[in-house]
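Subject: Structure for you to look at

Hello,

Here is the structure I promised to pass on. Please open it alongside this note, and I will walk you through what turned up.

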Amino acid sequence: MTVTTAKWTIDEYHRMIAAGILDDRHMELLKGEIVEMSPEGEPHAYFSSEAGEYLIQLLGNRATVRPSKPITLPNNSEPEPDIAIVKRLGREYLEHHPYPENIFWLIEYSDSSLDKDLQIKTKVYAEVDIPEYWVVNLRKRQVVVFRDPQDGEYTSKTTLTRGTIYPQAFSDLAISVSSIVNI
């Protein structure tokens with residue numbers, strides 16, 4: 001027996017949201033599949049909140065830091081990364097969530113969702129050329145930095161537990177690893 005999974009478009013997903021079908025569930029769309037999101041534990045909520053505030057102060061008016069808000073991708077995906085650092089487009093975001101060309105980099109905080117964030121989301125983001133993606137492994141207190149997407153894969157992967165990260169979009173900006181994961 002062959003099992004066929006129904007795939008959804010972004011428009012169909014938005015219609016489900018507007019109709020209230022997904023009201024009682026925390027979901028995201030990944031490559032046409034509606035995926036349930038794991039609930040946030042205390043460490044996840046704490047670290048992502050503190051890091052978001054740190055990045056807002058550090059970036060100032062250079063970018064917008066969007067915590068736990070959707071982004072819209074052309075591969076029928078609308079994930080909600082824990083932190084999205086995006087171009088400051090102001091009221092344009094009333095019309096659409098950030099597209100790949102609006103995104104500087106994304107950050108996911110992972111514990112129970114670690115496999116999804118390291119395997120599935122790296123492909124979803126690399127496929128649409130998100131230039132940089134960080135996965136914060138809460139189990140090991142480390143930041144995995146993915147860069148240089150090519151042919152649906154990131155060609156660079158670095159794992160850090162201390163030191164400084166210089167995001168590609170802001171190469172003059174020194175971000176302390178401890179401010180992202182060991183606050």
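Which helices and strands each supply at least two residues of the lining of the largest pocket? Before the answer, please keep in mind that this is a predicted model.

The elements in question are helix H2 (42-59), strand S5 (103-110) and helix H3 (114-127). Of these, H3 gives the most to the lining, with three residues. The pocket itself has a volume of about 330 Å³, and 21 residues line it. If you want to find its centre on screen, look for Ser38, Pro39, Glu40, His44 and Asp82, the lining residues that lie nearest to it. As for the chemistry of the lining, nine of its residues are charged, seven are polar and five are nonpolar.

The other part I would point you to is helix H1, which covers residues 10-18. Its buried residues are Ile10, Tyr13 and Met16. Viewed down the axis of H1, these buried residues fall within an arc of 120°, so they line one face of the helix. The spacing fits a general rule: an α-helix has 3.6 residues a turn, so residues three or four places apart point the same way.

What do the buried residues of H1 pack against? Their partners are strand S1 (27-30) and strand S2 (33-36). On the other side of H1, you will find Asp11, Arg15 and Ala18 exposed. After H1 comes Gly20, which has a positive phi, near 85°.

Happy browsing, and best wishes

Definitions and conventions. Residues numbered from 1 in each chain as written. Predicted model: local features only at pLDDT ≥ 70, side-chain atom pairs only at ≥ 80, totals over all residues. Heavy atoms only, no water. Buried < 20%, exposed > 50% of the residue type's maximum accessible area, 1.4 Å probe, protein only. Helix = DSSP H or I, 4+ residues; strand = E, 2+ residues; numbered from the N terminus. Arc of directions from axis to C-beta. Contact = heavy atoms within 4.5 Å. 1 Å grid on protein atoms, 1.4 Å probe; cavity = no way out; pocket = protein on both sides within 12 Å on 5 of 7 lines; lining within 4 Å. Points joined across faces, edges and corners; volume = space filled by probe spheres on them. Nonpolar A, V, L, I, M, F, W, Y, C, P; charged D, E, K, R; others polar.
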